[in-house]
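Hi,

Here is the structure I said I would pass on. Have a look at it first, and then read my notes below.

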Amino acid sequence: MSGPFGAPPQPDGLTTTAEFVAALGSVRQWSGRTFRQLTAAARANGDTLPASTIAGALGRATLPREEFVAAFVRACGLDETESARWVAARKRLAAEMPLSSGTPGDPAGRVPGSPARPESLAPAGPGDQNTPDGDGPDRDAPDRNALIQNASDQSAPDRRPLRPASRGAQWPALVGVGAGVLLLLLAVVSVLPSLYGPQPGGGTPGPSPSRVGATAASDRLPSDGWYHMVPAHVAGGGLCIGEGRERSGRTDRPLAVQRPCAGLVPDTFLRAVGDGAWQIEWHHPVEGPGCLTVDEALKASGALIAPAECMGAPHQQFLLKPAGSGFVVQPLHSGLCVGALYGESDMRAGAEIAQKTCTGRRDQVFLFRPAPAPTWTPR
């Protein structure tokens, strides 16, 4: 049994789905393996476990399927005995859930190749309401029984038919509508001048200063291309964001850290993905491409940032907000700010990068300096 620290987390005593999913995340942390490494380990075990499946199962609030649990804990380094304990714990939780929850048939953590019911035949359950792209149940949908009752009431024989209003009654309504339209036009005319600021010398009005500022800010955004990502608080020290390891030695996985810009690996490519969001890609000459990712899509301050397979997930996309000569980088899923794990005072090479509570300090401001394209061919 492998693992960097002592005994692995155990499933004993887990009483809710949320506890079970969180415990699976703890097993992954205990293993010290990235999603890509877990995929490779599963393949070596004869299992199929894509990184996207792992991320989806650990990010949902529904109980993963048995075959996922077994393949996942084996990929983390647990033996068959430990794997059986986790599967048994999963069965126990599933048996304790009400049938209306739909959990036993939930698609979360489905391992490719396992049978699936057609969407049209699958009953809606919590797994359908908590998908990342779902909006949950339609609370405003009309009640079907109420509609049927209303229709029957309208077709009842003793219901008095509505009589059309007389023509004379229409004129006051038309006059009222006309007055409303006139008032609306007057309001629009009165508001239009406020959208434009007066020009010195009586020139042609132009956009107000606030609108000019917004336009200038959008013009400042970088274009797609190769960059050195430089934390502002170490910009004078020749440090950029590149690949490193945890200084504590807790794990040996690649992380985003401060390191010398000279001979920087991997190369960083900034790519706009729409709606004002950006993807920060790492192109490694050996490992290939990946995207900077907030660990396990956590929303808490202190979550580390590491490369992972690009999946277009919100915890792999960032907003760039102009700040001085640089940008504040905010993970799309959390709204926190990317910066040095231990704050502005940590100016050493090797300092880990994490999402943190926004402070406005210089360790949370990044310069994107154009860099030459790599001489090797990205995979």
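Which cysteine does a disulfide join to Cys337? The partner is Cys358, with an S to S distance of 2.0 Å. Before I go on, bear in mind that this is a predicted model.

Let me stay with that pair for a moment. Cys337 sits in strand 12 (residues 337-340), while Cys358 is in the loop between strand 13 (353-356) and strand 14 (366-370), so the bond ties together parts that are 21 residues apart in sequence. The torsion about the S-S bond is about 95 degrees, so this disulfide is right-handed. The two ends sit in unlike surroundings: Cys337 is buried, at 4% relative accessible area, whereas Cys358 is partly exposed, at 36%.

The count comes to three disulfides, and counting bonded cysteines along the chain gives the pattern 1-2, 3-4, 5-6.

Next, Cys240 and Cys261. A disulfide joins them, S to S 1.9 Å, and with 95 degrees about the S-S bond the link is right-handed. Cys240 belongs to strand 4 (residues 239-244) and Cys261 to the loop between strand 5 (255-260) and strand 6 (267-274), which puts them 21 residues apart. Both Cys240 and Cys261 are buried.

Then there is Cys291 with Cys310, whose sulfur atoms are 2.0 Å apart in a disulfide. Here the torsion about the S-S bond is about 100 degrees, so this disulfide is right-handed. Cys291 is in strand 8 and Cys310 in the loop between strand 9 and strand 10, 19 residues apart. Cys291 is buried, with a relative accessible area of 0%, but Cys310 is partly exposed, at 32%.

While you are in that region, look at how strand 8 (residues 288-294) meets strand 9: they run antiparallel and four bridges join them. Leu292 stands opposite Pro307 of strand 9. In a regular strand, side chains alternate between the two faces of the sheet. In strand 9 (residues 305-308), Ile305 and Pro307 point one way and Ala306 and Ala308 the other, and all are buried.

For a contrast, try Gly324, in the loop between strand 10 (318-323) and strand 11 (326-331). Gly324 counts as exposed because its relative accessibility is 68%, and the cut-off for that is over 50%. Its C-alpha atom is 10.0 Å from that of Ala232, although the two residues are 92 apart along the chain.

Now for the nonpolar cores. The largest has 32 residues, and those touching the most other members are Phe20, Leu24, Leu49, Ile54, Phe68, Phe72 and Trp86. The elements giving two or more residues to this core are helix 1 (17-31), helix 2 (35-44), helix 3 (51-58), helix 4 (66-75) and helix 5 (80-96). Helix 4 supplies the largest share, seven residues.

If you want one residue to start from, take Leu24. Leaving out residues up to four places away in sequence, Leu24 touches Leu58, Pro64, Phe68, Phe72, Val73 and Trp86. There is also a second, separate core of 20 residues, and among them are Trp278, Trp282, Ala303 and Val329.

One more cysteine to check: Cys76 is buried, with a relative accessible area of 0%.

Best wishes

Notes. Residues are numbered from 1 along each chain as its sequence is written. This is a predicted model: local features need pLDDT of at least 70, side-chain atom pairs count only at pLDDT 80 or more; totals for chains, interfaces and linings use all residues. Side-chain values use heavy atoms; hydrogens and water are left out. A nonpolar core is a set of buried Ala, Val, Leu, Ile, Met, Phe, Trp, Tyr and Cys residues joined through side-chain atoms within 4.5 Å. Buried means under 20% relative accessible area, exposed over 50%, partly exposed in between (1.4 Å probe, protein chains only). Contact means heavy atoms within 4.5 Å. Two strands pair if DSSP finds at least two bridges between them. A disulfide is a pair of cysteine sulfur atoms within 2.5 Å.
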